[in-house]
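The following exercises concern the predicted model shown below. Please attempt each task before reading its solution.

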Amino acid sequence: MKYAIGIDYGTGSGRIIIVNIYTGEVISISVVKYKSGTIQSSLNNQPIPNTYALQDATDYMDVLIEGIPSALKQANINKEDIVGVGIDFTSSTVVIADEQLQPLSSKENFKNNPHAYVKLWKHHGASKEAEEMYDIAKGHNHNWLGNYGYNVSSEWMIPKVLELIHQDSEVLHETAYIMEAGDWIVSNLIDENVRSNCARGFKTFWNEEDGFFYDYYEKLHPNLPNVIKEKLEGRLVKIGEQAGTLTPKMSQMLGLPKGLPVASAIIDAHSALLGVGSIQKNQLTMVMGTSTCHLMLHEEQKQIHGISGSVKDAIVPGLYAYEAGQSAVGDLFEHVVHQVPESYEKEARERNICIHTLLEEKAATKRAGETGLVALDWHNGNRSILSNSNLRGLVIGQTLHTKVEDIYRAYMEATAFGTKMIAESYKDWGMQIEEIYACGGLPQKNALLMQIYADILNKPIHVSATDYAPAFGAAILGAVAGKGHETIEDGIKHMKQALLKTVYPIEKNVAIYQKLFEIYKELHDFYGKTRPDFMQQLKEISE
Ligand SMILES: Nc1ncnc2c1ncn2[C@@H]1O[C@H](COP(=O)(O)OP(=O)(O)O)[C@@H](O)[C@H]1O
Ligand SMILES: O=C(CO)[C@@H](O)[C@@H](O)COP(=O)(O)O
């Protein structure tokens, strides 16, 4: 029997699975929550801007140190039968490290410095840098901005590097490596500075043909080209390739075979397509968790307004991977969970169910449209199709009878309307959507959510049976890196996970939601295009 390990680093935790590479059977699962979670509002009791979202990279190492021995113990297999390990990570989640790959935040003199910590993918401290980059990119003689959906997101790598250059020269001076967190994990495992084409292509202004866009970087800041050359370069390893092998120190620390092959890191949402097996063009895959990513594959590169980017070979060699997204989905539902009355908490405790399930149950008692609400799901900005992290949420139609579950339902509907906007942009630019898949940690947990998506998108939604689609994708890459399978396609054939169900649209709901979508689009265009300054002003007044 042969096995592979997949390690999925999400926003709140790391998930480790050991998988039979011939059957896709999960032998064991280990989940390790990040001890410091996401550091927001304050760091060690010192206030930090509300736009900051930081993490502590030592938590990522704990996932390996605690999670792998636990998964091996549960699996009770001969570890010599493990052929390889793959890692997927949220992105662009940026680690600041020294020559020994130690995170600067772990050093005594930097432990209270926010710029020494990981800038999580949803960190919006670099919005001014992103705006400046967009203005310069618009005027630059190039055509690559179209490959990024004609936008620059503050969630990407280069705005976060510029923020560091602008804000903290001392941290920058002590920094040897600025890395995607997935690359940082792989580089630690093999003790070499390697960089994956996946995150590099989507989150940094780079493509394999031209390399880094140094002529553009020079216009942004005189120091930026050198910072890129000195701190972001590294041996490129493409998706499907082996990055290297486990060092003796790591194999001893983790209890894994010496010289175990390690795959190049992949972005978490992109890895999910491998775990689900949705790698045909005309398939839209929604990877739904804290955020949602909307991914497609195509043999051509099209410049599609409002998506986050398109990169060749980023998921399946030979195909362009396309990504769009929404920065707050599970996070938005969690936001309501924290606002329920004590009576709801009491009821959930007594029934031993989570608040999400209680809210879903209460929200499901109403028919489509009965709340009388329409919301904008922009509580953490709008990633696609407006790419504006200064935008804010909105609910219209509230009355004195509006309940918290009505708001919960309105947000579920709003995230579906936002997905419809993305799907329409894909279709407007030549990407036909014939099938829709849903995976990630959300779809299996909330039946009402998936029915709302089927009704609003007016398409059947194929729901993956596993909560761990990204981890399965990482395991497939680990199996390929370790020659357990010759190609990614072979790995998918043997290891992809089954579907749980297909959710079909309900005709009467489709008609009601089409009316509500017209209102959503009016609100979207007014607050997102005609007067985005309203929400910008509210943000500035609040700071
Ligand atoms: N039953 C549920 N309904 C709606 N959202 C949920 C439910 N259970 C958990 N969530 C949300 O799912 C998100 C976690 O998604 P998951 O995919 O597990 O993690 P990650 O985003 O770290 O990969 C959290 O934001 C949480 O609020
Ligand atoms: O931005 C990307 C992918 O490009 C994701 O890593 C990011 O949205 C976070 O994903 P999760 O919601 O934590 O799974």
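**Exercise 1. The surroundings of ligand 1**

From which domains does the shell around ligand 1 draw at least three residues each? Describe also the make-up of this shell and the polar contacts of the ligand.

*Solution.*

Step 1. Begin with the domains. Domain 1 (3-275 + 470-485) and domain 2 (330-464 + 501-542) each supply at least three residues to the shell.

Step 2. Next, list the neighbours. Ligand 1 is surrounded by 17 residues, and the closest are Thr-11, Arg-15, Thr-290, Glu-334 and Leu-442.

Step 3. Assign the shell to elements and classes. Helix α11 (residues 330-337) provides the largest share of the shell, with four residues. By class, the shell holds four nonpolar, nine polar and four charged residues.

Step 4. Examine the polar contacts, for which the cut-off is 3.5 Å between N or O atoms. Two side chains approach a nitrogen atom of the ligand: a polar atom of Asn-446 lies at 3.0 Å, and a polar atom of Tyr-408 lies at 3.4 Å. An oxygen atom of ligand 1 is 3.3 Å from a polar backbone atom of Asp-331.

Step 5. Finally, consider the coverage. On its own, ligand 1 has 580 Å² of accessible area, of which the protein covers 83%.

**Exercise 2. The surroundings of ligand 2**

How many residues are around ligand 2, and which come nearest? Continue with the polar contacts and the coverage.

*Solution.*

Step 1. There are 14 residues around ligand 2, and Thr-11, Lys-203, Asp-268, Ser-291 and Glu-323 come nearest.

Step 2. Sorted by class, this shell contains three nonpolar, seven polar and four charged residues.

Step 3. Turn to the oxygen atoms of the ligand. From the side chain of Asp-268, a polar atom lies 2.7 Å from an oxygen atom of ligand 2. Backbone atoms take part as well: a polar backbone atom of Ser-91 is 2.8 Å from an oxygen atom of the ligand, and one of Thr-290 is 3.3 Å from an oxygen atom of the ligand.

Step 4. The protein covers 95% of the 370 Å² of accessible area that ligand 2 has on its own.

**Exercise 3. The cysteines**

Why does Cys-198 form no bond with the closest cysteine sulfur? Treat Cys-439 in the like manner.

*Solution.*

Step 1. State the cut-off: a disulfide requires two cysteine sulfur atoms within 2.5 Å.

Step 2. Apply this to Cys-198. The closest cysteine sulfur belongs to Cys-293 and is 11 Å away, which is too far for a bond.

Step 3. Cys-439 is likewise in no disulfide, since the nearest cysteine sulfur, that of Cys-293, is 9.9 Å away.

Step 4. The count for the model is zero disulfides.

Step 5. Add the accessibility. Cys-198 has a relative accessibility of 0% and counts as buried; Cys-439, at 0%, counts as buried too.

**Exercise 4. His-221 and helix α3**

Is His-221 buried or exposed? Determine also why helix α3 is largely enclosed by the rest of the structure.

*Solution.*

Step 1. Locate His-221: the residue is in the loop between α7 (214-220) and α8 (224-232).

Step 2. Its relative accessible area is 17%. Because buried means under 20%, His-221 is buried.

Step 3. A polar atom of the His-221 side chain lies 3.0 Å from the backbone nitrogen of Asn-223.

Step 4. Now consider α3 (residues 157-167). Nine of its 11 residues are buried, so the helix is largely enclosed by the rest of the structure. Among the buried residues are Met-157, Pro-159, Lys-160 and Glu-163.

Technical notes
Residues are numbered from 1 along each chain as its sequence is written. Chains are lettered from A and ligands numbered from 1 in the order in which they are written. This is a predicted model: local features need pLDDT of at least 70, side-chain atom pairs count only at pLDDT 80 or more; totals for chains, interfaces and linings use all residues. Side-chain values use heavy atoms; hydrogens and water are left out. A residue is near a molecule or strand if one of its heavy atoms lies within 4 Å of it. A polar contact is a pair of N or O atoms within 3.5 Å; within protein, one must be able to donate a hydrogen and the other to accept it, and residues adjacent in sequence count only if both atoms are side-chain atoms. Accessible areas come from the Shrake-Rupley method with a 1.4 Å probe; for residues, only the protein chains shown count as cover. Helices (H or I, at least four residues) and strands (E, at least two) are DSSP runs, numbered from the N terminus. Ala, Val, Leu, Ile, Met, Phe, Trp, Tyr, Cys and Pro count as nonpolar, Asp, Glu, Lys and Arg as charged, and the others, Gly among them, as polar. Domain bounds come from an automatic or database domain assignment. Buried means under 20% relative accessible area, exposed over 50%, partly exposed in between (1.4 Å probe, protein chains only).
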